[in-house]
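Reader: Could you take me carefully through the inside of this protein, one question at a time?

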Amino acid sequence: MVDKVRKSRAAGVTTHDVARAAAVSRVTVSRVLNDHYNVTDKVRQRVLEAAAELGYIRQQSSTSLISVDGPAPTRPVRVLRNIGFFFTSVHGHEPLTGNPFWSPVLHGVEREATAAGIAVTYRSINQLVGRAEALPDVVKAARVDGILLVGPATEATVRALLGAGRPLVLVENCVPGEKVDAVVSDSFGGARAAVAHLVELGHRDVAFIGGPFHVSAPPALHRENTIWSIEQRALGYWAALRQAGIQPDNTLYEGDNLSTAAGYRACQRLLATGRPFTAIFCANDEGAVGAMRALHEAGLTVPGDVSVVGFDDIEVAQHLIPPLTTVHVNKEAMGSVAVQRLLARALAPGAVATTVALHVELIHRETVAAPSQRSIH
């Protein structure tokens, strides 16, 4: 329905358009935009999503309030004029422009924000890790009306920014227990589908390469990734094996900092164990690239000796030799939807916190085949 009533920003979207897209009355739209209590959470969410998707924001020339063509607002609703793209990385002071995953996310943010007449301020906050109490002052200095917290931020960072008095949306991160919106990829579902595909081809010994992890105390010795999205992919890996009646083996579980060099080192450690495996599921494509190099140096072919599957579908994945089978994440859409969620949060600060999980798709290329007769030692 939203697609049918979408208009250009220049044409002027009205509450009538929002009402049609959300399948509600104009009175209901007005109640939602005024944060009226007499609306169910489900209807409120539907209206806010339609309003954000249609770009229902028209700034008045002399104020910072939304102009609503319905009953007079009971209180002002603030417009987002400048949003902060606050970036955190597992690689420390890595520039976002050189990252094959986060750069397209930023492009999606900029495209959606420009369409809504919103400026974007980029800021890396890696240097503030361990000094979360300084973040509210950073927000004030940046003069932003809303914040997209992009990447694997710590819980302390999220809590500090929640206290900064600005709408906040997490991107590819989630902090259970905190009332905060998030836009993520379906990491669990994508990983489970990827590993299930390997199992269907006959692979029983499937290794995993993820991110930084810690091991719980005995006797459990559970390996848990410190990055939420990577942990979801690890859980999908475990689930697919268990659903196939395969007992996961911690010997085949490795992790590092998600770079190409890290994937190379992790694969070398897997090979050094002497534990046979015929496939590797990597929690990101950069790790898969490094793993393929380690296999090549060990005299092993992909996929003849070892099948490899990645996650993210970064640009280089299709240009590898052989091209990498991976899970596609629509990174630009992630950025676009994040801006929409931030707009919706600004329109209704008291609405229920929502996590949006974007669909992912397994892309079949040339690094996966049925296991050969020779086990890898």
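Author: What follows is a short set of questions and answers on the core and the cysteines.

Author: This is a predicted model, in which local features need pLDDT of at least 70 and side-chain atom pairs count only at pLDDT 80 or more, while totals for chains, interfaces and linings use all residues. Residues are numbered from 1 along each chain as its sequence is written, and side-chain values use heavy atoms, with hydrogens and water left out.

Reader: Which helix gives the largest share of the largest nonpolar core?

Author: A nonpolar core is a set of buried Ala, Val, Leu, Ile, Met, Phe, Trp, Tyr and Cys residues joined through side-chain atoms within 4.5 Å, where buried means under 20% relative accessible area (1.4 Å probe, protein chains only). The largest such core has 55 residues, and those with the most contacts inside it are Ile83, Leu148, Tyr237 and Phe281. Helices are DSSP runs of H or I with at least four residues, numbered from the N terminus. The largest share of this core, 7 residues, comes from residues 331-347, which form helix 12.

Reader: How many disulfides are there?

Author: A disulfide is a pair of cysteine sulfur atoms within 2.5 Å. Cys282 is buried, at a relative accessible area of 0%, and Cys267 also counts as buried, at 0% relative accessibility. The sulfur of Cys282 has its closest cysteine sulfur in Cys267, 7.5 Å away, and therefore too far for a bond. By this rule the number of disulfides is 0.

Conventions: Buried means under 20% relative accessible area, exposed over 50%, partly exposed in between (1.4 Å probe, protein chains only). Helices (H or I, at least four residues) and strands (E, at least two) are DSSP runs, numbered from the N terminus.
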